[in-house]
Amino acid sequence: EMEDLDSSDICLPITDINLVLSWKCDNTCWIHKHDVVTLKNRSGYLNTGSVLDVRRKEDLYSEYKFSSSLLPRTIFCHDFKGGYLEDRFCTGSSNIDTYRFFNWAAIDLFIYFSHKLVTIPPQGWLNAGHIHGVPVLGTLITEWDEGETIWRSILTDIEKVNLFSQKLAQICAHYKFDGYLLNVENVIPKDYVPRLLQFVELLKAHLNLYCARQTWLIWYDSVTIDGSLEWQNKLCPLNKPFFDVCDGIFLNYVWKPADLQESLREAGTRRHDVFVGVDVWGRNCYQDGGFNVDKALTVLRTLNMSVAIFAPAWTFETLPDGEEFLTRETSFWRRLSSYLHLHGPAHLPFFTNFCQGISFNKTTGLPLFNLGMQQSQPTLLGCSTDLTAADSCVSLYLQDGLEYNGACLKISACHAMHSALFHRVFVCDFSSSEDMVSTLLITLAVKSMESDPASTFRMYFVLEDRISIQGNQSVSMKKRPKGYRASKNFGNLMVNGSLVDFTAEKQTLQTKIKVFPDEIGVVSSSSWCHIKFLVELNPGAVLTEILLLPASKGSVLWGQLSVERSTISVNQQA
């Protein structure tokens, strides 16, 4: 059925080995009409997820940030009903009843998985991942008797081995994805195993050659060095030769805690390149998956090991009648939060309208699902609709929006027990020049709800001083000695007051929004208002977090947030 659709707007896999071997770039595929976003920079340090998004004022500077090289990684392996559903349409689908992912800050690699021979990630997933700085990988999979036949035809001829690896690398470069998961789930004749190893080496070399950027090649724990199809559930001598010639191994899910110790011994200094598989469907998996995935992560993170979470779209596929997807998705990821490490944006200019890939046409009211429209998502591990949740005051709101997408953030009054807590909207890494003062212009589009015309909120920016440390501990952040207030060492912030007047309850109020320490801004329900901040960063200073403290009542909408460098000095606006 899919093959009958216009290929210029549809993302499809390659299902036949001969089509791979004869592949060449042409002008009819979707990449020529629908470009892929370049992989954006993200923060080189990681925030510990255990802090989550809600903190007390005295805790704002209590967490250390770690270099990404020091911490284990997280793979999200997306296996959803065979793949290539509504997400295959570059122009979007009217069916919005499908899975979407938005907790990108918590993962390091995304794999689009299907049981087709060569899985090319759809454009929407590529753009959503790349906007958040997450590499998006495809899959090469062969299975059972058909898979054995394919490899026999390839491995008998060294020229075919070279051609196959070349074509796969060229496909990766052409469609702008970031590498492959290699899943050989079939027997390989023992005499051909050396050539299979050679193929893996060649593919890695060809990816480097044709893509001319960092790529990932991950081996799945399946066929062994003697050609048997025997899942080891650990890194061991039977699969380590494949691990040695690529970027990592994705272990099968049926491991026991004792297997992890052997994996660590075999991995040596590459322990973070061992991604321990956890199947959310719980098929013979440790602690049975589902909402018990956190129990598996408890074991893995205690050993400082990376994880590959398989099929998290389980949250959507098993959604009970009457339960909202956002609530269920939030609950799943919040259970994992203590074991995740959070990245944030590090590219300027930075812009988001908070769209998750779902919108409603303002004129016709018709829905549209298009992951290619997804914008940078908050660092919050979900937008809970549960009013008892600590972060329930921040949610996705689809009924209004500054742009065509109709999506924005709704900042609601906190639950009483959380009224004095700060909510992390973004962790980020927006730096000053190393040798001179620089200025950031931050623009926030805000609007109050018609039912709450005089709503207020407090917004805070966390400025810190970066310290480079020799050795492996390459990045740390210095605690502010006096807790929360800004000091001359870390920069100054003021509001561009001439541009921000708000109408509320028939009165014209000049904004009182400031960052330090407790000024409140009043916003209007009549129209979107753009609040502009100038943040002066002294040499070595970094804007590391954007926080808010919601009011005790009322609701405010955030339609856009942007950060860019400015040539205007704060002193010019004083």
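Buried means under 20% relative accessible area, exposed means over 50%, and partly exposed covers the range in between. By that cut-off Lys-234 counts as buried, because its relative accessible area is 19%. The model discussed here is predicted.

## Salt bridges

A search of the whole structure finds 11 salt bridges. Three of them are set out below.

| Pair | Closest N to O distance |
|---|---|
| Arg-213 and Asp-178 | 2.9 Å |
| Lys-234 and Glu-262 | 2.9 Å |
| Asp-273 and Arg-270 | 2.8 Å |

Take Arg-213 and Asp-178, which form a salt bridge with closest N and O atoms 2.9 Å apart. Arg-213 sits in the loop between helix H5 (193-211) and strand S9 (216-220), and Asp-178 in the loop between helix H4 (158-175) and strand S8 (179-185), so the pair ties together parts 35 residues apart in sequence. Arg-213 is partly exposed, at a relative accessible area of 30%. Asp-178 is buried, at 3%.

The side chains of Lys-234 and Glu-262 also meet in a salt bridge, at 2.9 Å from N to O. This pair links distant parts of the chain, 28 residues apart. Lys-234 belongs to the loop between S9 and helix H6 (240-244), while Glu-262 belongs to helix H7 (residues 257-267). Lys-234, as noted, is buried at 19%. Glu-262 is partly exposed, with a relative accessible area of 21%.

Asp-273 and Arg-270 bridge at 2.8 Å, N to O. Salt bridges that share partners join Arg-73, Arg-270 and Asp-273 into one network. Within it, Asp-273 is buried, with a relative accessible area of 15%. Arg-270 is partly exposed, at 22%.

## Aromatic contacts

The count of aromatic pairs comes to 31. One of them is Tyr-99 with Phe-325, an edge-to-face pair at 5.5 Å centre to centre and 75° between the planes. Tyr-99 lies in the loop between strand S4 (74-78) and strand S5 (109-112), and Phe-325 in helix H10 (residues 325-336), so the pair ties together parts that are 226 residues apart in sequence. Both Tyr-99 and Phe-325 are buried.

Phe-101 and Trp-333 form a tilted pair, with centres 5.4 Å apart and 50° between the planes. Phe-101 is in the loop between S4 and S5 and Trp-333 is in helix H10, so this pair ties together parts 232 residues apart in sequence. Phe-101 has 0% relative accessibility and counts as buried. Trp-333 is buried too, with a relative accessible area of 0%.

Phe-101 and Trp-333 also belong to one aromatic cluster. Its other members are Phe-76, Trp-104, Phe-110, Trp-125, Phe-291, Trp-314 and Phe-332.

## Cavities

The structure holds 4 cavities of 30 Å³ or more. The largest has a volume of about 110 Å³. It is lined by 15 residues, and His-132, His-343, Gly-344, Pro-345 and Gln-377 lie nearest its centre. That lining divides into 5 nonpolar, 9 polar and 1 charged residues. At least three lining residues come from each of domain 1 (72-89 + 103-342) and domain 2 (350-479 + 492-565).

The second largest cavity holds about 60 Å³ of space. Its lining has 13 residues, of which Phe-80, Asp-87, Thr-98, Tyr-99 and Trp-125 lie nearest the centre. By class, 8 are nonpolar, 3 polar and 2 charged. Two of these names recur above: Tyr-99 pairs with Phe-325, and Trp-125 is part of the aromatic cluster.

## Backbone features

The peptide bond from Leu-348 to Pro-349 is cis, with omega near 0°. Pro-349 lies in the loop between strand S13 (341-342) and strand S14 (350-352).

Lys-81, a residue other than glycine, has a positive phi near 55°. Lys-81 is found in the loop between S4 and S5. With a relative accessible area of 51%, Lys-81 is exposed.

Asn-304 also has a positive phi, near 60°. Asn-304 lies in the loop between helix H8 (293-302) and strand S12 (306-310). Asn-304 is partly exposed, with a relative accessible area of 26%.

Key: Residues are numbered from 1 along each chain as its sequence is written. This is a predicted model: local features need pLDDT of at least 70, side-chain atom pairs count only at pLDDT 80 or more; totals for chains, interfaces and linings use all residues. Side-chain values use heavy atoms; hydrogens and water are left out. On a 1 Å grid over the protein atoms alone, a cavity is a set of points where a 1.4 Å probe fits but cannot get out, and a pocket is an open set with protein on both sides within 12 Å along at least five of seven lines; lining residues have an atom within 4 Å of a point. Grid points are joined across faces, edges and corners, and a volume is the space filled by probe spheres set on the points. Ala, Val, Leu, Ile, Met, Phe, Trp, Tyr, Cys and Pro count as nonpolar, Asp, Glu, Lys and Arg as charged, and the others, Gly among them, as polar. Domain bounds come from an automatic or database domain assignment. A salt bridge is a side-chain nitrogen of Lys or Arg within 4 Å of a carboxyl oxygen of Asp or Glu. Helices (H or I, at least four residues) and strands (E, at least two) are DSSP runs, numbered from the N terminus. Buried means under 20% relative accessible area, exposed over 50%, partly exposed in between (1.4 Å probe, protein chains only). Rings of Phe, Tyr and Trp (its six-membered ring) pair if their centres lie within 6.5 Å; planes under 30 degrees apart count as stacked, over 60 as edge-to-face and the rest as tilted.
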